[in-house]
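Q: Got a minute to go through this one with me? I'd like to start with the pockets and then jump around a bit.

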Amino acid sequence: MPELPEITVIAGQMNETIKKKRIADADIKQPKNLNMSVKDFLRKIKGKTVKDVSSKGKWLFLALDSSYDLLINLGMGAEILYFEPGQKLQENAQFRLDFSDKTGLTIHFWWFGYIHLVSKKEKSKHKLTGKLGMPPTDEKFTLDYFRKLLAGKKTGVKSFLLDQKNVAGIGNVYIQDILFKAKLHPSRKISTLSEKETTSLHKAIREVLNHSIGLGGAAFELDFYGHKGRFTSNNFLVGYKPGKPCPECGTIIEKIRTGSTASYVCSHCQQE
Ligand SMILES: [Zn+2]
């Protein structure tokens, strides 16, 4: 499932490649991905130009030269791929966007995802993105901001960070090493964090995500050009490494259940 690093990489590549391109047509095989009828969607999108592509957490935002923006979420996983004239298109794509210069993009959702056209004016009211928290790679995501965000919260640290309303973009992949680096057990309650632990956590979040962005995202995901990221299983510290020794102390890494998700922890470095 793509998380903040993969989506950041894709947004940057889309910005380089499809900015200023005019949308000629769209092919929609799975109308339930849209937030309106296919007819309305086509009427609103044809002839519009992509002004800018950005991301927020796990969402891609395509600003159009119209009163609408195109918001895309790849859900549990998807390939969103650029194509040039004559290039073989990915099979089973449920969505295709054609530009006037015959290039375009296709999306193949593994399970489900969203392709929403949202009025610029109503964007803050959009059900799925209007309440997203700040992405931790945002320059405004300072230690001071983070402290205020955590103040008075009583939930477990892992479930808090995975809730997209609190922080946008962290999922069950990168959270593992974030908590390990901060030496926090996933079940630790936010109210029990010391000043020092909060500072370590803030630092770990940014380090882990930026490290993966620098490597082009996870190796099990494809970027906009169809290339795999370079963040491989070797780059994980404890994530997805059950049975391997902890890189800090050598204790065997365990896979445990924490609420509805699996966690990978070193029981020595990350005590409850
Ligand atoms: Zn350890």
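**Pockets, metal and rings**

A: Sure. This is a predicted model, and its largest pocket has a volume of about 370 Å³.

Q: Which residues are closest to the centre of that pocket?
A: Trp59, Asn73, Tyr114, Leu128 and Gln164, out of 21 residues that line the pocket.

Q: And how does that lining divide into nonpolar, polar and charged?
A: You get 11 nonpolar, 5 polar and 5 charged residues around the largest pocket.

Q: OK, what about closed space? How many cavities of 30 Å³ or more are there?
A: The structure has 1 of those. The largest cavity holds about 30 Å³ of space.

Q: What lines the largest cavity?
A: Its lining is Glu6, Val9, Ile10, Gly216, Glu221, Leu222, Asp223 and Gly229. By class, that is 3 nonpolar, 2 polar and 3 charged residues.

Q: Switching to the metal. What coordinates the zinc ion?
A: Four SG atoms, from Cys246, Cys249, Cys266 and Cys269, sitting at 2.2 to 2.4 Å. The site is tetrahedral, and the angles among the 4 donor atoms run from 99 to 113°.

Q: How are the donor residues spaced in sequence?
A: As C-x2-C-x16-C-x2-C. Cysteine 249 is in the loop between helix H6 (195-214) and strand S9 (254-258), while cysteine 269 is in the segment after strand S10 (261-265), so this pair ties together parts 20 residues apart in sequence.

Q: Is cysteine 269 buried or exposed?
A: Buried, because its relative accessible area is 12% and the cut-off for buried is under 20%. Cysteine 249 has 35% and is partly exposed.

Q: New topic: how many aromatic pairs does a search of the whole structure find?
A: It finds 11. Take phenylalanine 41 and phenylalanine 95: the ring centres are 6.1 Å apart with the planes at 75°, so that pair is edge-to-face.

Q: Where do those two sit in the chain?
A: Phenylalanine 41 is in helix H2 (residues 38-45) and phenylalanine 95 in strand S6 (residues 95-99), so the pair links distant parts of the chain, 54 residues apart. Phenylalanine 41 and phenylalanine 95 are both buried.

Q: Got a tilted one?
A: Phenylalanine 224 with tyrosine 225, at 6.0 Å centre to centre and 50° between the planes. Phenylalanine 224 counts as buried at 0% relative accessibility, whereas tyrosine 225, at 33%, counts as partly exposed.

Q: Last one: which residues form an aromatic cluster?
A: Tyr174, Phe231, Phe236, Tyr240 and Tyr264 form one.

Conventions
Residues are numbered from 1 along each chain as its sequence is written. This is a predicted model: local features need pLDDT of at least 70, side-chain atom pairs count only at pLDDT 80 or more; totals for chains, interfaces and linings use all residues. Side-chain values use heavy atoms; hydrogens and water are left out. On a 1 Å grid over the protein atoms alone, a cavity is a set of points where a 1.4 Å probe fits but cannot get out, and a pocket is an open set with protein on both sides within 12 Å along at least five of seven lines; lining residues have an atom within 4 Å of a point. Grid points are joined across faces, edges and corners, and a volume is the space filled by probe spheres set on the points. Ala, Val, Leu, Ile, Met, Phe, Trp, Tyr, Cys and Pro count as nonpolar, Asp, Glu, Lys and Arg as charged, and the others, Gly among them, as polar. Donors are N, O and S atoms within 2.8 Å of the metal (3.2 Å for Na, K and Ca); water is not among the atoms, so sites may look incomplete. Four donors count as tetrahedral if all angles lie between 85 and 135 degrees; four count as square planar and six as octahedral if opposite donors are over 155 degrees apart and all others between 65 and 115; anything else is irregular. Helices (H or I, at least four residues) and strands (E, at least two) are DSSP runs, numbered from the N terminus. Buried means under 20% relative accessible area, exposed over 50%, partly exposed in between (1.4 Å probe, protein chains only). Rings of Phe, Tyr and Trp (its six-membered ring) pair if their centres lie within 6.5 Å; planes under 30 degrees apart count as stacked, over 60 as edge-to-face and the rest as tilted.
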